[in-house]
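Visitor: I'm new to this one and would love a close look at a single part. Could you pick one residue and walk me through its surroundings?

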Amino acid sequence: MELIFELSRAGRRGVKMPTGDVPESASLDPVYTREKDAELPSLSEPEVVRHFTNLSKMNFGVDSHFYPLGSCTMKYNPKITERIAAFSSFASIHPLQPQLVNGGMLTQGALEVISDLENVLCEITGMDEFTTQPMAGAHGELTGIMLIAAHHREKGDRRKYILIPDSGHGTNPASAAIAGYEVKTIKSDDKGVMDMNEFRKEMNEDVAGVMLTCPNTLGIFNPRIKELADLAHASGALMYYDGANLNAIMGKARPGDLGFDIVHLNLHKTFATPHGGGGPGAGPVGVKKHLAEFLPTSRVVKRKDGTFTLDYDRPKSIGYISQFYGNFGVLLKAYAYILIEGKEGLIEVSENAVLNANYLMRRLKGHYDIPYGENCMHEFVISCCRQAKRGVHAVDIAKALIDKGIHPPTIYFPLNVKEAIMIEPTETESRETLDEFVRVMIELAELAEKDPVAFKEFPKTTSVGRLDEVKAARDMNISA
Amino acid sequence: MSYIPNSIEDRQEMLKAAGVNSGKMADLFKNIPRRLQPRSFDLAPGRSEFEVEKYLRGLGKKNVTDLVYFIGGGFYDHYIPAAIDALTSRSEFYTAYTPYQPEASQGNLQAIYEYQSCICRLTGMEAANASLYDGGTALYEAAMMAIRITGRNKIIIDGGVSPIYRKMLYCYTSNLSIDFIEIPVSHGQSDRVELDKRLDEETAAVILQNPNFFGAIDDHADICARCHNSGALVIESVYPIALGLLKTPEAMGADIVTGEGQSLGIPLSFGGPYLGFMATKKKYVRKMPGRIVGATTDKNGNRGFVLTLQTREQHIRREKATSNICSNQALCALRALIYMALVGKDGLKEVASACRDKAEYTKQKLGEIKGVEVKKSSPTFNEFTVKLPENANEVIGKLIGKGIAAGFPLGRYYADMENYMLVAVTEKRTRHEIVRFADALEAALWS
């Protein structure tokens, strides 16, 4: 499709902006002004609308396609939450408004939303306090690691390492490293969970913290999680819970009860806010009481008279992790979702997410290798090793799925499974959709046996065929 | 209530098919030992969407929302064209995720490529990423990038950089050994003399902002030249709407450019979601954090787009990545792109001029009030500093009662500026509103 710059014609305008009811001001000294105008495109509104509408048609989304992207929880995004986040009584508020004199009183509704959301997230996870400031999962991780550092610094304890299992998300080691820690990777055992002996060997008083996903990226809940947490605590290390997989356990287990000190949640996963094509999300962080004093500035505080205010006087806080109060528009959507679901609804969400995953896994058995196939939580990992022997790799299966109208699952992750395909159906998919996916996957497994070469042509139905990624990196054409 | 399609009967049959012969959901969770089950899960029962909408509409009414904004501080009340909301409401955009599968995500990828291109055209730079969380995190990432490029460890921050950004920089680097030096502004602009004294062979970067937090505009070309002589980079934080008029950071010689993208068609929304943009020179691209989209071809030679240079990123490099960032602010970047496309080349210049004209008019009106001093030591774009004869916070409080958010009290961040406020004017403000503001200020001070 043409680029928007290629559609541009001099003199066209997409919107008339309010101008000119005041006298024109004297020109700026040219030393301060740009020599040439910015070469933004010039188009009329109908042309802009058609261009982006056409672009949108070249995208798979949850509303149009089954999207079982493992570890990403691509569930349905309820429409009512979009309407609520667009209320001008929230969307039009300037973030500095509550920092004016008595300003908290000018934004009581927004502060109440944040405070109430923090409270329900505490109850869901078993933590004592939450901050809504982190703007994504990885941002929450970084916040969490900084809280770990603040805790040890307060004790005058200089620790060097963060332990992370080999099945962990890539953001975990990256977050630990940019916060100044060295990372030690712990292998998984033959059951797919962190190897207890390895863990014992590495656990000592140089370890600042342990970052875990539970259930992990193989969809396995480690029944010895508490034992692991106790070991870490005995050495003075803190336990960090990567909440990417919370959709599996609402009402069934809480990180706070499992021995975790810090947790981040991905509101765009478990709490149904849209992924937006890669963001914005929200990654609130919860802590146990002993870490609350380190939480980012500011904090929403409820006064005795029931009104809310912002507290900036927090001497031990790690400081400003965010410009303001987090991705407020996203927080509002997640809060609305939680209110609609309620207690029973959230439990039902997790039960059905786990049921859908187990149903799929059981039905794919025999057609694909499933290295940890006993039972799973909300997601599971199959391996295309068998198909790979015929020359059909995970990426080939993925591209074939696109032609069948299915967004491919996550591939080549976690790293400890060869030819991995990581499948997370979520609770919002119907049995018919799951059955169709099974039918397609079996058909592809059969095709891999009969005609493996056919896969190299997929996808055939999209606007472009398989793209040359090597050329993209070599030519580095990243702007027009 | 929930968004689960499967009926109770479906679930029963599926449980059996999944090998749970008891037909009990609980048996799906048998790996969770009984003693680890929740100690509490005390949440309210679910409600209908109607009830929740009504409840939250009620909470919204507790916010005061009919204020005429003259507050900025880096976040501005600009007009948002309707087509932005209409187009970003297309669920093919907003219910997708990071384009890991390029053939199924060409819409998103091409949009990001166009966004990157617009950011380059706006700033004059050669390469931009797909966006970061916000202006503050973009500035922090830029500082880390400069440290990686130069192998040096000292960062000089101009006093005109937003105090919010400075607090964020210190927060993020509190466990790293980086030397920060702050140089207060001199007569509203960057203090060249002091900067020269502190700039040395250890300096990784100097961070500047244009217009600066107090609204002053500057030409940093001389500073860029001096930095480059010492082998230091220049990071320039900019306000995108102002670039409709102002000299580009590229023309000044900046190496890394960042900024808050909220003003490009993104609602104020109580602080987020926004986006942080980042652009640089082509030679530094491999040190840049965040997603980057590149153009390539398929085997038939058709143009297409992919995520590229991914060996910088966490999902490949893990602890050796340039950043831990995993997402971008894709939907916000889409809003910014559509904004730039609708406003276009001529429109951006007009919006910027309208902002400045209205700000100059406001300066004039406020300056006519007895005891009110509009700071004039340097030219400004759409924001400026005003000295009042009494505590700014209290004056602003009085004007709130008249429906006017008069400005931001600088005493909030600067102890010696209790009587100062920062006033911002966008193209949305009318002559009538400006006059009303001036009249209300005069009344608050003198009657």
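Guide: Let's go with Lys349(B): setting aside neighbours within four places in sequence, it is in contact with Asp37(A), Gly244(B) and Leu245(B). Bear in mind as we go that this is a predicted model. Along the chain, Lys349(B) has its place in helix α12 of chain B. There's also Leu246(B), which is 103 residues away from Lys349(B) in sequence, yet the C-alpha atoms of the two are 9.6 Å apart in space.

Is Lys349(B) buried or exposed? Neither label quite fits: there are 18 other C-beta atoms within 10 Å, and because being buried takes 20 or more and being exposed takes 12 or fewer, Lys349(B) comes out as partly exposed.

Now step back to where the two chains meet. On chain B, 173 residues are in contact with 173 residues of chain A. Helix α12 of chain B, which spans residues 330-367, gives the largest share of chain B's side, with 23 residues. Sorted by class, that side of chain B holds 86 nonpolar, 49 polar and 38 charged residues.

While you're looking at chain A, try its open sheet, where three strands are antiparallel and come in the order β10-β12-β11. Strands β10 (380-383) and β11 (410-411) of chain A are at the edges with a single partner strand each, so one side of each has no neighbour in the sheet. Two bridges link β11(A) to β12 of chain A, residues 420-423. For Ile411(A), the bridge partner in β12(A) is Ile421(A).

How values were computed. Residues are numbered from 1 along each chain as its sequence is written. Chains are lettered from A and ligands numbered from 1 in the order in which they are written. This is a predicted model: local features need pLDDT of at least 70, side-chain atom pairs count only at pLDDT 80 or more; totals for chains, interfaces and linings use all residues. Two strands pair if DSSP finds at least two bridges between them. Helices (H or I, at least four residues) and strands (E, at least two) are DSSP runs, numbered from the N terminus. Two residues are in contact if their C-beta atoms, placed from the backbone, lie within 7 Å. Ala, Val, Leu, Ile, Met, Phe, Trp, Tyr, Cys and Pro count as nonpolar, Asp, Glu, Lys and Arg as charged, and the others, Gly among them, as polar.
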